[in-house]
Amino acid sequence: MRLYSDFADHRARQITADVIAIILIGLWVWLGVTVFTVVNSLAGFGQQMEQAGAGFRETMTEVGESLGDVPLIGGGIRVPFDGASQAGGALEAAGQSQQDAVLQLALVLGIGIAALPIVMILVLWLIPRIRFVRRAGRAQRILSTGAGVDLLALRALATQKLATISSVDPDAMAAWRRGDERVLRALAALELKSSGVRLQD
């Protein structure tokens, strides 16, 4: 598998694109994590609410139980403290719900901010890189066959620009038909170069 072109200028562009893509992906991941951390820090209020509610509930429960032991009037005195204990439990539950809501929001914002740009980077960078690897591999396989140079020269005649073909030979088609080795190799080299593969001597 050929990851990079055999030609220095093309290889340099590929490596530069790879480095830029990796840096951009890293920056968007960092930004997503930062947004998640900042938004999730808002859950501190919910934690304080939950702790306050739990503390209030426990205190009211303890007071109610202590006063409930008073003979004759204990049952009646305990009722308001039990109600206050339930209110503390509701405050505790509200604090927990607030933390859950903030966590969900932090996850959605963090992932949303990072995911879309990363997907766009992958589409713009990774797909062309995969195409290059496949095209270079295909060209290498054709070259390794017995009629590889001839096939690549014919492909060059079909796909390369006329000006480029004419620079190899003014009548490149006739040269291909008569099997001119020099022209065949030059045309094959043109086709291989567009795939990032150098024709070995």
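How many Å should the 33 residues of α1 span, and how far apart are its end C-alpha atoms? In this predicted model, the expected span at 1.5 Å a residue is 48 Å, and the end C-alpha atoms of α1 lie 47 Å apart, which agrees. Helix α1 covers residues 8–40, and it makes a good starting point for a tour of the structure.

Several residues of α1 are buried, namely Gln14, Asp18, Ala21, Gly32, Val35 and Val39. Other residues contribute to a nonpolar patch on the surface, with an area of about 860 Å². This patch is made by Met1, Leu3, Tyr4, Ile15, Val19, Ile20, Ile23, Leu24 and Leu27. One of these, Ile20, has its place in helix α1. With a relative accessible area of 46%, Ile20 is partly exposed, because a residue must be over 50% to count as exposed.

The segment before α1 holds Ser5. At 2% relative accessibility, Ser5 counts as buried, since the limit for that class is under 20%. A polar atom of the Ser5 side chain lies 3.0 Å from the backbone nitrogen of Phe7. When neighbours within four places in sequence are left aside, Ser5 is in contact with His10, Arg11, Gln14, Phe132 and Gly196. Among these contacts of Ser5 is Gln14, itself one of the buried residues of α1.

Attention now turns to charged side chains. The count of salt bridges comes to six. One of them joins the side chains of Asp18 and Arg129, with a distance of 3.1 Å from N to O. Asp18 belongs to helix α1 and Arg129 to helix α3 (residues 74–144), so this pair ties together parts that are 111 residues apart in sequence. Both partners, Asp18 and Arg129, are buried.

A salt bridge also forms between Glu191 and Arg135, whose closest N and O atoms are 4.0 Å apart. Here too distant parts of the chain are linked: Glu191 sits in helix α7 (residues 181–194) and Arg135 in helix α3, with their positions 56 residues apart in sequence. Are Glu191 and Arg135 buried or exposed? Glu191 counts as buried, at 2% relative accessibility, whereas Arg135 counts as partly exposed, at 32%. The two residues also take part in a wider arrangement, since a network of salt bridges links Arg135, Arg155 and Glu191.

Another salt bridge pairs Arg178 with Asp180, and the closest N and O atoms of this pair are 3.8 Å apart. Arg178 is exposed, because its relative accessible area of 57% is over 50%. Its partner Asp180 counts as partly exposed, at 22% relative accessibility.

Asp180 also appears among the contacts of Ala175, a residue of helix α6 (residues 172–177). Ala175 counts as buried, with a relative accessibility of 0%. Not counting residues up to four places away in sequence, Ala175 touches Asp169, Asp180 and Val183. Asp180 is therefore a meeting point of two descriptions, as a salt-bridge partner of Arg178 and as a contact of Ala175.

Definitions and conventions. Residues are numbered from 1 along each chain as its sequence is written. This is a predicted model: local features need pLDDT of at least 70, side-chain atom pairs count only at pLDDT 80 or more; totals for chains, interfaces and linings use all residues. Side-chain values use heavy atoms; hydrogens and water are left out. Helices (H or I, at least four residues) and strands (E, at least two) are DSSP runs, numbered from the N terminus. Buried means under 20% relative accessible area, exposed over 50%, partly exposed in between (1.4 Å probe, protein chains only). The expected span of a helix is 1.5 Å times one less than its number of residues. Patches are made of residues with over 30% relative accessible area and no salt bridge: like charges are joined within 9 Å, nonpolar side chains (Val, Leu, Ile, Met, Phe, Trp, Tyr) within 5 Å. Accessible areas come from the Shrake-Rupley method with a 1.4 Å probe; for residues, only the protein chains shown count as cover. A polar contact is a pair of N or O atoms within 3.5 Å; within protein, one must be able to donate a hydrogen and the other to accept it, and residues adjacent in sequence count only if both atoms are side-chain atoms. Contact means heavy atoms within 4.5 Å.
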